[in-house]
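Colleague: I should like to go through this model with you, one question at a time. Please give the reasoning behind each answer.

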Amino acid sequence: KLHSDLDKGVGTVKYTLSGDGAGTVFTIDETTGDIHAIRSLDREEKPFYTLRAQAVDVDTKKPLEPESEFIIKVQDINDNEPKFLDGPYVASVPEMSPVGAYVLQVKATDADDPTYGNSARVVYSILQGQPYFSIDPKTGVIRTALPNMDREVKEQYQVLIQAKDMGGQLGGLAGTTTVNITLTDVNDNPPRFPKSIFHLKVPETSHVGSAIGRIRAVDPDFGKNAAIEYNIVPGDGGNLFEITTDENTQEGVIKLRKPLDFETKKAYTFKVEASNLHLDHRFHSVGPFKDTATVKINVLDMDEPPVFSKPAYTMEVYEDTPVGTIIGAVTAQDLDAGSSSVRYVIDWKNDGNSYFTIDATEGTIATNELLDRESTAQYNFSIIASKVSNPLLTSKVNVIINVLDVNEFPPEISVPYETSVCENAKPGQVIQTITAVDKDLSPAGQRFSFRLSPEASNKPNFTVHDYRNNTAGIETRRHGYSRRQQDLHLLPVVIEDSSYPVQSSTNTMTIRVCRCDADGTILSCNVEAIFLPVGLSTGALIAILLCIVILLVIVVLYVALRRQKKKDTLMTSKEDIRDNVIHYDDEGGGEEDTQAFDIGALRNPKVIEDNKIRRDIKPDTLRFPRQRPPAEDNTDIRDFINQRLHENDVDPAAPPYDSLATYAYEGNGSVAESLSSIDSLTTEADQDYDYLSDWGPRFKILADMFGEEESYNPDKVT
């Protein structure tokens with residue numbers, strides 16, 4: 001209730017209300033100032049409200065007093081029960097846990113005011129789940145209440161928990177939740193075989209490594225605590241079998257380690273032990289965590305194929321052995337009770353079946369063709385044995401036949417057959433090391449010997465040095481080799497083996513002479529490199545040589561043609577003075593004359609007609625010989641000179657100088673000075689040729705000829 005001191009009760013004062021919930025939750029009487037709640041209040045929804053009130057004048061609407069603020073608190077009552085906000089709960093605890101083992105803590109929440117009364121004081125209790133579990137009434141901690149709870153007996157428990165306010169007193173509100181508790185497994189149980197003896201029947205034809213039976217031990221534990229390991233206890237026949245654990249079913253799988261044979265042994269007995277892999281030391285006092293059972297295996301008799309006496313056969317035979325020679329035999333037996341005979345055949349699917357045959361009854365193997373070790377050194381094939389009573393039952397064995405060698409091939413030089421030697425090689429220098437190969441299968445300790453062939457022993461160029469370790473060296477025997485004289489050398493080498501009978505062969509090695517540097521490094525071994533620059537290809541060298549040959553042919557043809565023309569134009573008559581000119585011009589100029597004029601044009605006038613172009617070369621300087629008095633009546637020479645002078649005057653191709661000066665020039669340094677009579681002032685009759693005898697042996701023939709002409713025919717000019 002609100003009241004102002006200015007309110008006289010005459011209705012001149014009006015009260016107003018504002019703030020939280022004004023008009024919705026609370027209302028005020030404008031005349032009396034009474035405040036009323038117009039709906040239910042919930043403390044848990046809003047514990048207090050802040051309001052403002054004011055008194056105003058009804059007529060002027062002006063505040064009579066300042067606005068005042070006040071708080072309305074909602075008083076709590078026990079109208080909310082406790083609630084488990086995290087429920088329902090799931091928990092677990094190991095089986096066989098002691099009393100009081102912690103399981104889980106639960107918590108309930110009460111929305112009432114914990115500071116006012118006991119409305120929010122909660123107490124916990126178990127409505128369902130006793131006597132296995134207990135709960136602390138204040139903390140809500142759940143613990144085990146019984147010892148040795150066994151998971152194998154009961155695994156799941158459902159516990160109903162109650163939380164009550166008002167401290168659990170009568171009239172308090174309560175809430176409940178469910179806790180599902182699971183007992184987890186521990187290894188508290190050993191494996192146990194359901195029976196003490198297991199009987200198995202196994203055919204004797206079972207393959208090694210195959211599973212022949214299963215046994216199982218039972219362990220009520222779960223997961224890894226139920227993992228079982230099986231072992232065969234050493235005993236009768238235990239070494240023929242092995243046992244492993246199937247991880248999915250925890251069964252013991254018995255497998256065969258060795259073949260079974262009904263005729264040898266019909267039954268086996270051994271013990272199998274089953275034990276846990278993961279032990280819990282807390283339960284060792286319970287007893288040994290393993291169990292033992294007996295396994296009896298009965299071998300069943302089966303119709304089996306023949307069995308060979310060996311897993312494989314190896315035989316040897318010499319090459320070129322006559323066809324039909326027996327080289328060995330295979331043996332197979334039927335080990336069944338009713339023994340049957342055996343037949344043998346070669347497996348025709350493999351190579352080598354045409355080289356050998358086998359006796360179908362005895363199993364003997366013989367050659368069917370001549371064998372050559374160099375062609376095939378080893379034969380590998382299979383032989384099939386089958387029972388006559390049941391041909392479908394077969395067995396197979398592998399046969400290896402090694403062909404032994406007979407020394408029939410001579411040894412040969414292994415590559416290379418060609419080597420080289422430097423032009424600057426020194427005596428005793430090793431230019432190549434050679435080895436030998438033999439197509440025959442060389443026995444242990446096979447030795448080869450090397451030597452020069454007899455026809456090469458007398459040649460000093462190279463020699464063979466046998467190192468007596470199946471190798472030899474080619475050595476030089478002289479200082480240097482010339483490629484120009486001989487660029488290839490052939491060296492025959494004789495090689496012998498040490499087998500019986502001894503085989504030998506002569507192998508020719510080609511030794512090429514090469515150009516090398518000072519260190520012995522080969523620079524060039526080509527033949528054309530002797531004559532031509534390095535760098536030209538073979539095609540270019542051939543083209544150059546071909547051009548040279550063509551030029552030589554042209555020159556030879558030209559020279560031959562010129563000689564033929566000269567022979568046709570030479571005059572053989574003794575009356576022709578030009579014949580003498582040709583013969584006596586053999587002396588030419590003097591010994592120092594190197595620029596003599598070619599007087600071939602004087603020999604035959606026809607030469608000028610055939611070749612109008614003159615080839616004369618004007619001398620640099622004209623040296624005139626010693627002048628003699630000219631002959632007075634030398635008419636023949638005068639006529640000849642006049643004729644040649646006229647020909648040169650009318651010849652347009654002639655040079656601008658006169659040939660007369662050239663012909664009068666006999667050369668410098670000649671003892672005879674000039675032989676021409678052109679410049680002579682004397683006549684034939686005045687000529688004295690005795691002085692020719694003083695010129696020496698070179699002019700002896702000329703002196704004799706002129707001496708004869710002077711005696712017998714002085715009118716004849718020579």
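Colleague: Is C514 buried or exposed?

Modeller: This is a predicted model, and the answer rests on computed values. A residue counts as buried when its relative accessible area is under 20%. C514 has 0% relative accessibility, so C514 is buried.

Colleague: With which residue does C514 form a disulfide?

Modeller: The pair links distant parts of the chain, eleven residues apart. C514 lies in strand β36, and the partner lies in the loop between β37 (522–524) and α1. The two sulfur atoms are 1.7 Å apart, and the partner is C525.

Colleague: What is the handedness of the link of C514 and C525?

Modeller: The angle about the S-S bond is 110°. With that value, the link of C514 and C525 is right-handed.

Colleague: Is C525 buried, partly exposed or exposed?

Modeller: Values between the cut-offs of 20% and 50% count as partly exposed. The relative accessible area of C525 is 21%, so C525 is partly exposed.

Colleague: Which strand holds C422, the cysteine that forms a disulfide with C516?

Modeller: The sulfur atoms of C422 and C516 are 2.1 Å apart. This pair links distant parts of the chain, 94 residues apart, with C516 in strand β36 (residues 504–516). Both cysteines are buried. C422 is in strand β30 (residues 418–422).

Colleague: What is the handedness of the link of C422 and C516?

Modeller: The angle about the S-S bond of this pair is -85°. The link of C422 and C516 is therefore, by the sign of an S-S bond, left-handed.

Colleague: What is the pairing when the bonded cysteines are numbered in sequence order?

Modeller: The count comes to two disulfides. One is formed by C422 and C516, the other by C514 and C525. In sequence order the pairing is 1-3, 2-4.

Colleague: Which residues of the largest nonpolar core touch the most other members?

Modeller: This core has 25 residues. Elements that give two or more residues to the core are β13 (197–203), β14 (211–216), β15 (228–233), β16 (241–245), β17 (251–256), β18 (267–276) and β19 (290–300). The members that touch the most others are F193, F241, I254, V272, V295 and I297.

Colleague: Which residues does F241 touch, not counting those up to four places away in sequence?

Modeller: F241 is among the core residues that touch the most other members. Beyond four places in sequence, F241 touches I212, I232, I254, K255, L256, R257, L260, Y268, F270 and I297.

Colleague: How many residues are in the other core, which includes F84 and Y124?

Modeller: This core lies apart from the one that contains F241. Its members include I142 and V179 as well as F84 and Y124, and the number of residues is 23.

Colleague: Is V464 buried or exposed?

Modeller: V464 is in strand β33 (residues 462–466). Beyond its neighbours within four places in sequence, V464 is in contact with F450, R451, L452, A472, G473, I474, L491 and V493. Its relative accessible area is 13%, so V464 is buried.

Colleague: Which residues form a nonpolar patch on the surface with L545?

Modeller: L545 is in helix α1 (residues 538–569). The patch has about 360 Å² of accessible area together, and the residues that join L545 are I544, I548 and L552.

Colleague: How many residues apart in sequence are the parts tied together by D34 and K1?

Modeller: D34 forms a salt bridge with K1, with the closest N and O atoms 2.9 Å apart. D34 lies in the loop between β2 (26–28) and β3 (35–37), and K1 in the segment before β1 (13–19), so the parts tied together are apart in sequence by 33 residues.

Colleague: Which residue forms a salt bridge with R483?

Modeller: R483 is buried, at 6% relative accessibility. R483 is in the loop between β34 (471–476) and β35 (488–496), and the partner is in the loop between β30 and β31 (430–437), 60 residues apart. The closest N and O atoms are 3.5 Å apart, and the partner is E423.

Colleague: Which helix holds both R644 and E647?

Modeller: The side chains of R644 and E647 meet in a salt bridge of 3.3 Å, N to O. Being three residues apart, R644 and E647 are separated by about one helical turn, in helix α4 (residues 635–650).

Notes:
Residues are numbered from 1 along each chain as its sequence is written. This is a predicted model: local features need pLDDT of at least 70, side-chain atom pairs count only at pLDDT 80 or more; totals for chains, interfaces and linings use all residues. Side-chain values use heavy atoms; hydrogens and water are left out. A nonpolar core is a set of buried Ala, Val, Leu, Ile, Met, Phe, Trp, Tyr and Cys residues joined through side-chain atoms within 4.5 Å. Buried means under 20% relative accessible area, exposed over 50%, partly exposed in between (1.4 Å probe, protein chains only). Helices (H or I, at least four residues) and strands (E, at least two) are DSSP runs, numbered from the N terminus. Contact means heavy atoms within 4.5 Å. Patches are made of residues with over 30% relative accessible area and no salt bridge: like charges are joined within 9 Å, nonpolar side chains (Val, Leu, Ile, Met, Phe, Trp, Tyr) within 5 Å. Accessible areas come from the Shrake-Rupley method with a 1.4 Å probe; for residues, only the protein chains shown count as cover. A salt bridge is a side-chain nitrogen of Lys or Arg within 4 Å of a carboxyl oxygen of Asp or Glu. A disulfide is a pair of cysteine sulfur atoms within 2.5 Å.
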